[in-house]
Structures are given as C-alpha cells and as structure tokens.
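User: I have a model open and want to go through a few of its features. Can we start with the charged pairs?

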Amino acid sequence: MRVELRAPDWATHLLSDLTDWEKAPVPVERVRPFDLPEDAYFEYAWRDADGNKRPDPENLNPILNPWWDYASNLSGPFYEPDPMAALPATAPRGRVLRLSVESRILGQERRFIVYSPAGMAGTPLPHILFQDGKAYFGWGKVPQVVDAMLRAGRIGPAHLVCVPPMERTEEYAFNPHFRRFLTEEILPLAEERAPCDGRRIAWGASLGGLLSATLAWERPDLFQKVVAQSGAFLFSEDMDRRVPWGGNEGFRQQVLGEEPRDIRWHLDCGTIEWLIGSNRRLRDALSRRGMAVSLIERSAGHNWINWKNGLAAGMEFALPPDAEGKLDSPRGGV
C-alpha cells in the first residue's frame, strides 16, 4: 500500500509507527511517500513548533488509540480486525469482583478486579493474571472476549485476575517487590474468592509482557503458560529507562544462561514496531533451550489495536476447549 501524507502548514515533524514515534521523528521537508503491507494497521501524528503532537486534520478516521488522542490511523485494503476485537458494547455476563488489598510489601492499598464466567464463580478454574488489568478489562474487554469464545466453544473457562499498575515503569521493570506483591498478596486473595485449580497463565503487553515472562520464569511452580504481547524484551536492568529503544535484552540472557523452565510461551508482536527484533530473538532462544514457543506477527505497531487483534489467539493458546486436566499439570497453591 502506497501512502502519501501531506503535512499541515503548522507541522514540523512526522511521528509514526515507522519512526518508533519519539525515536526518530521525520522533519516535514524530508517526508516522502512510503509503502506499508496491504494488511497493515498504521498510526501516526504531526508535531507542531511548540512540540505538541496533533492528529492529521485531513484524516477523518476515528482515533482508536486509548492512550494517545492525537494518533491518526490508516489501514490497508486487506486489514481485517479480529471479530473478538470488535465486540458490541455489552456488559460482561459473569461475576465482576472489585477487590482491594492493604499491601504489606508495597505499603499501600491496591485495587484489582476478578472476573468469573457466569455460573462458575465458585468453580476451581485456571487463573489468568493480567498486567495493565484495567486496560485489558475495559479497553480490551477480556471478560466479553471470554464470554463470546466460551459460547462458541473455542476455549475453556477461567477466572481473570486484572491488576492495574500505579507507577507502571517502576513496578513493571525488574521490580522484585512488585512480583512478590503479585504472587504473595494478589493471587492468594483472588484465589480465596475465585478458586484456582492449580493452572495459571501470566499475560501482559509491552512492559507487562516482560513482567509476565519474568514472573513465570521466577515462579514456574505457579505458572505454566505466558502470553506476552509486544513484550518489552529489549529492556535490561542496566538500561536508561527514559530511552525505551535501548537495552541489552536481559530476559533473553536469563533464558540462555539458566536452566530451562517447564513453561509454554505465546508471543505476538507488530512488525512495525521497534520490539519485533527482540521478540524474534527471544522466540529463538526459548526454542533453542527446548521450550514450546510460538510468535505471531501482525503488520501493526505498538498499540492497543494490535493487542486487541491478538486476544483471541492468546485465549486459544491459554485455554484450549478441552483444557480440563490438559492445560499442563496443575501446580501447587500460593
């Protein structure tokens, strides 16, 4: 797909998925037509002389990015959103518990949500632990996705544990205290209210994907599967966290340098984002160490539209419809 953008008079730079946004904005005098895959979903914005990011006034497509109200979008002629990414705005059919815990580890009150499919609140089921839980619950509509896929017979049931961050980068990037908070405080309380059958899946996007992978790697006694969407696997503890394009792929180094874990991995990532290389290298490292891993690639950037389009495939990996007794061997309690 050939794309030709016309800069507004006030614009100084083009920012987009192709420039990794702030990494390499293109001055307007250097903007040229470019090509995208025919099935691409693409986001971009213009920067003005005051440094503000603004949508393209000539692009009338509704802005779909829940983070950035300036992100205009284009899609190729073969782009089709996954049906599970475009569900109607209906309430979840099951039970929604809004819980809080006075965290001894973090020294503050934290809130989270537990969703159980209709009629199954008291049934021992697998637990999916979502990072960025408020976003997955609200924007991703994971309860409605589970409801729809259950009705279609595409997955088995699970309780969804949705935990939002407060200081996202500080909590998600290599923070052992936050990982202990999840395993020692969140999971036990969630499992008091929605019993777990011993099977657990760690799920997250971007930094949440890195956290989910690290959490499962650290606690393979609790987790059997990981779903990481655009996981921030470029990151390492020694990096400058103000510069998200750097890092030495710390988690991959762990995978290569430590004993393999009995964990199965589902990665997905956009091909128009800076993390695709590190996701491919992690896939290769996990496979080399003998672990079951898949990587799904989509012609998209680092955004929620991409991740919503991956929810159904992630659910089918996490919760196969014959999951009872077959989602790997259940592990112990917390």
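Analyst: Asp-284 is partly exposed, because its relative accessibility is 35%; buried means under 20% relative accessible area, exposed over 50%, and partly exposed in between (1.4 Å probe, protein chains only). This is a predicted model: local features need pLDDT of at least 70, side-chain atom pairs count only at pLDDT 80 or more, and totals for chains, interfaces and linings use all residues. Residues are numbered from 1 along each chain as its sequence is written, and side-chain values use heavy atoms, with hydrogens and water left out.

User: Which side chain does Asp-284 meet in a salt bridge?

Analyst: Arg-283, at 3.0 Å from N to O. A salt bridge here is a side-chain nitrogen of Lys or Arg within 4 Å of a carboxyl oxygen of Asp or Glu. Arg-283 is partly exposed at 26% relative accessibility. Elsewhere, Glu-22, Arg-47 and Lys-53 are joined into one network by salt bridges that share partners.

User: How many salt bridges does a search of the whole structure find?

Analyst: The search finds 21. One of them is Asp-132 with Arg-168, where the closest N and O atoms are 2.8 Å apart. That pair links distant parts of the chain, 36 residues apart: Asp-132 is in the loop between β10 (125-131) and α1 (133-138), and Arg-168 is in helix α3 (residues 168-172). Helices (H or I, at least four residues) and strands (E, at least two) are DSSP runs, numbered from the N terminus.

User: Is Asp-132 buried or exposed?

Analyst: Asp-132 is buried, with 11% relative accessible area. Its partner Arg-168 counts as partly exposed, at 25%. Another pair is Arg-252 with Glu-249, closest N and O atoms 2.7 Å apart, and Glu-249 is buried at 6%.

User: Switching to strands. How many residues of β5 are buried?

Analyst: 8 of the 8, so β5 (residues 41-48) is largely enclosed by the rest of the structure. Tyr-41, Glu-43, Ala-45 and Arg-47 are on one side, Phe-42, Tyr-44, Trp-46 and Asp-48 on the other, and both faces are covered. In a regular strand the side chains alternate between the two faces of the sheet.

User: What does β5 pair with?

Analyst: Its antiparallel partners include β2 (residues 11-16), through 5 bridges, and β7 (residues 72-75), through 4. β6 (residues 53-54) also pairs with β5 in the antiparallel sense, over 2 bridges. Pairing requires that DSSP finds at least two bridges between the strands. Opposite residues are His-13 and Arg-47 for β2, Phe-42 and Leu-74 for β7, and Trp-46 and Arg-54 for β6.

User: And how many residues sit between β5 and β6 in the hairpin?

Analyst: There are 4, and Gly-51 in that turn has a positive phi of about 90°.

User: Now the domains. What are the bounds?

Analyst: The assignment gives domain 1 (2-75) and domain 2 (95-318); such bounds come from an automatic or database domain assignment. Their C-alpha centres lie 30 Å apart.

User: How much area do they bury between them?

Analyst: About 1300 Å², 68% of it on carbon and sulfur atoms. Buried area is the accessible area (1.4 Å probe) that two parts lose on being put together, summed over both. In domain 1, Asp-20, Tyr-41 and Trp-67 lose the most area to domain 2, together 40% of what that side buries.

User: How many salt bridges are counted between domain 1 and domain 2?

Analyst: The count is 0.
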